[in-house]
Amino acid sequence: MLYADYAGSEACRSCHSKEYADWSTSPMHRMTRLAGAADDRAPFDGEAYTMGPDRVTMDRRGGERFMHLESARAGDRLFRITKIIGGRYREDFAGLDVTSGAAPAGELIMPVSWLLYARTWRYKGYSVMVPARPGLGAGPAWSVNCLPCHNTLPSLWMLYDDLFGPGAPAYQGSISDDLLPPTRSWPVVATDAAGLAAAVRGEVARLGAVVPATLPLPSVLTRAMHATRTRLDAAALVEIGVGCEACHGGARAHAEDPLVRPVFGVRSPLVRVGPAPPAAASRAERINRACARCHTVLFSHYPYTWEGALRGGAAPGGSSINSGEARDFLLGGCAAAMSCADCHDPHGEDARAKLAALGTLAGNALCVRCHSALASSAAVAAHTHHRPDGPGAVCLDCHMPRKNMGLDARLTRYHRIGSPTDDARVLGDRPLECAACHPTSSVEALAGAMERWWGRRYDRAILRDLYGDDLSAGVLAATLARGKPHEVAAAIGLLAAGRVTSALPAILPALWNDYPLVRYFAKRAIEEMTGTPLPLDVEAPADAIRAAVTTLRLSPPHPAPR
C-alpha cells in the first residue's frame, strides 16, 4: 500500500519468468514508455495535420521527436516528445514545451494521436465522446490526467479521496470515477487514524511536501491530495507503465520471502478496503476490483449512460465506450463468481482467436460452469427459443451484446452482464438488443417475441416515446432517427455488421453528428458496407461535411439481407 511496500516488476522476473516475459511485450507494460527508448510506430517524418485554422507538424531532430503546433489561438509552440502512451490501437504522446522563451509548464498531452489500425493522425480528444472542437491545442497536464491509470503508483495514493469521504477535492485519484451504486461499492475505512495520518505524511514527503504532525487525518488527507495534484510526476512513480504490482499490490515482502503471498486487495493495519471480514469477498471479486482501479471510467463527462441513465445521476448506468468495462462488469450478475481473467490474459496481450472463440457456441462452456442447468441442448433451446446449435444460442451475444464504441471505430461487447429482456434495457435504451442479430426487425416484432417467449410485458407508451408512434418501424432505423449519440453509433455498427446497405442514406447524417467519434463510426461503417474508402474529412465543420456528402455516390456491393 505504501511506496516502501513496492519492489518493481524486475523483482518478479526470476521466479515468474513466463509471466514476466508475457508482460514485457504486453499492452499493459507498453501503456507508457519513455520516448527515447520506445519502439514507437508513429511516423515523425515531417507530415502535417490540419484541423480548422491550426496545424501540427511531426518530425525528428537529432534523434528526438517533436511536434510543431501552429495555432490561431495559442501561436507557434514547439514540443519535444517525452512519453508515448498506448500502442495497441493508437499512440498518444506527452511532451515538453521547448519554444524559445516559454515558461516551464511540465509535460502536456499532445493534440494528435497516431491511429495504428488506420495508419493516420487524428485529434487526440476525438477518442472519447466530446463535441466538435474548433482547432488544436496542447494539454492538459500528463501528470494530472493520464499518469495514474497508465503507470504504477502505491495504492494508498489513489485512496485519499475515498478515505476523506464526501467533499474531497479533486486530484489524480478521483479521475477514475467508479460511480458504483452503494450496493456494489466497497467501503474504504481508516482502521488506525493516527497511524494512517503518519503514513500519509511520509508518502507526501516523497513528493517534497511537508505536512505538520499536529494536523488531524482529514486535514492530512486534504494536504496529500493537493500535493499529489501539484507535485506528482514521473520521478515519484514505482515504475513507468502498468507493472506487476499495479494489479497484485506491493510485493516487496513477497520478493524477500515467497511464503508471504501478495493479494489483489489492500492488506494493511491502517486501512480496510472491501467487506468485513475480508474473507467475505471471493477471489474473483478481488481480481475484478483490481481491474476496476483503472477500467472504470465514464469518460469525458458525456452525460448519457446505458439503461437510460445519466452520468451525474443517482444511479448511472453502464458506459458506452472503452475503459469502463470492469465497472460495467461489477454492475452485472456474475462478478462474484467470474473474474476478468476468465476471459482476458492478465499478463500478456489477448489472443484475438481466443476472444473470438468466446463469442461462439464453444464459449458457452465458460457460462455453464455455474449455469449447469443450461448445459444440455434441450435446455438451451428452451431457454433461448433458438436452435441450440445456431448463433442464437451463443451466451455472449445475448448477455454481453456488441453495442459499445471500441477504440478502432467498431463495436465491442458491453460488459454489464444482463438479459436483453431486462426492463432497464428494453425501456431505457435504444436499440433493442435483439436487433444485433435481427437488424431489420421492427420494434413490435422484437418486443412481442420477448413477451411471448419469456413472459414479459413492455409498456407500449414508453416504446413509442423511444421509437416513435409507429412500432412497425425497424428498431435500428428508428434509433438512427431518434437516438442519443451513443445509441446512434450502436445502430450504425449493427447495420454495418448485418450489411443492411439499404440503411446507407439514413446513416449519412451521422457523418456530421455533434460528436466526432460518432462520425468516425459512420465513416467506417459506410466504407465497410460499400467496400470503398470514403473521401471525407469527418473532423471538418458540420456544414462542410454536409455539403461534401451531397456529392457522394455510394454503390453498395452487398445486397441487403432478406
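What percentage of the 562 residues in the protein is buried? Buried residues make up 49% of them. The model described here is predicted.

## Overall build

The protein has 22 helices and 13 strands. Its radius of gyration is 25 Å, and the globule rule gives 24 Å for 562 residues, so the protein is as compact as a globular protein of that length. A box of roughly 70 × 60 × 45 Å, taken along the principal axes, holds the C-alpha atoms.

## Contacts and surface

Take the contacts in the protein with a separation of 6 or more. Of these, 62% are between residues 24 or more positions apart.

The protein exposes about 25,200 Å². Carbon and sulfur atoms supply 56% of that area.

## The second largest pocket

Empty space can be mapped too. Rolling a probe the size of a water molecule over the atoms shows where such space is left. The second largest pocket has a volume of about 1,100 Å³. Four elements give two or more residues to its lining: the helices α12 (364–367), α13 (377–384), α14 (395–399) and α16 (443–454).

The lining of this pocket has 49 residues. His-383, Val-394, Cys-395, Cys-398 and His-399 lie nearest the pocket's centre. By type, the lining residues divide into 31 nonpolar, 15 polar and 3 charged.

Note on methods. Residues numbered from 1 in each chain as written. Predicted model: local features only at pLDDT ≥ 70, side-chain atom pairs only at ≥ 80, totals over all residues. Heavy atoms only, no water. 1 Å grid on protein atoms, 1.4 Å probe; cavity = no way out; pocket = protein on both sides within 12 Å on 5 of 7 lines; lining within 4 Å. Points joined across faces, edges and corners; volume = space filled by probe spheres on them. Nonpolar A, V, L, I, M, F, W, Y, C, P; charged D, E, K, R; others polar. Rg over C-alpha atoms; globule rule 2.2 N^0.38 Å. Buried < 20%, exposed > 50% of the residue type's maximum accessible area, 1.4 Å probe, protein only. Contact = heavy atoms within 4.5 Å. Areas by Shrake-Rupley, 256 points an atom, 1.4 Å probe, with all protein chains shown as cover.
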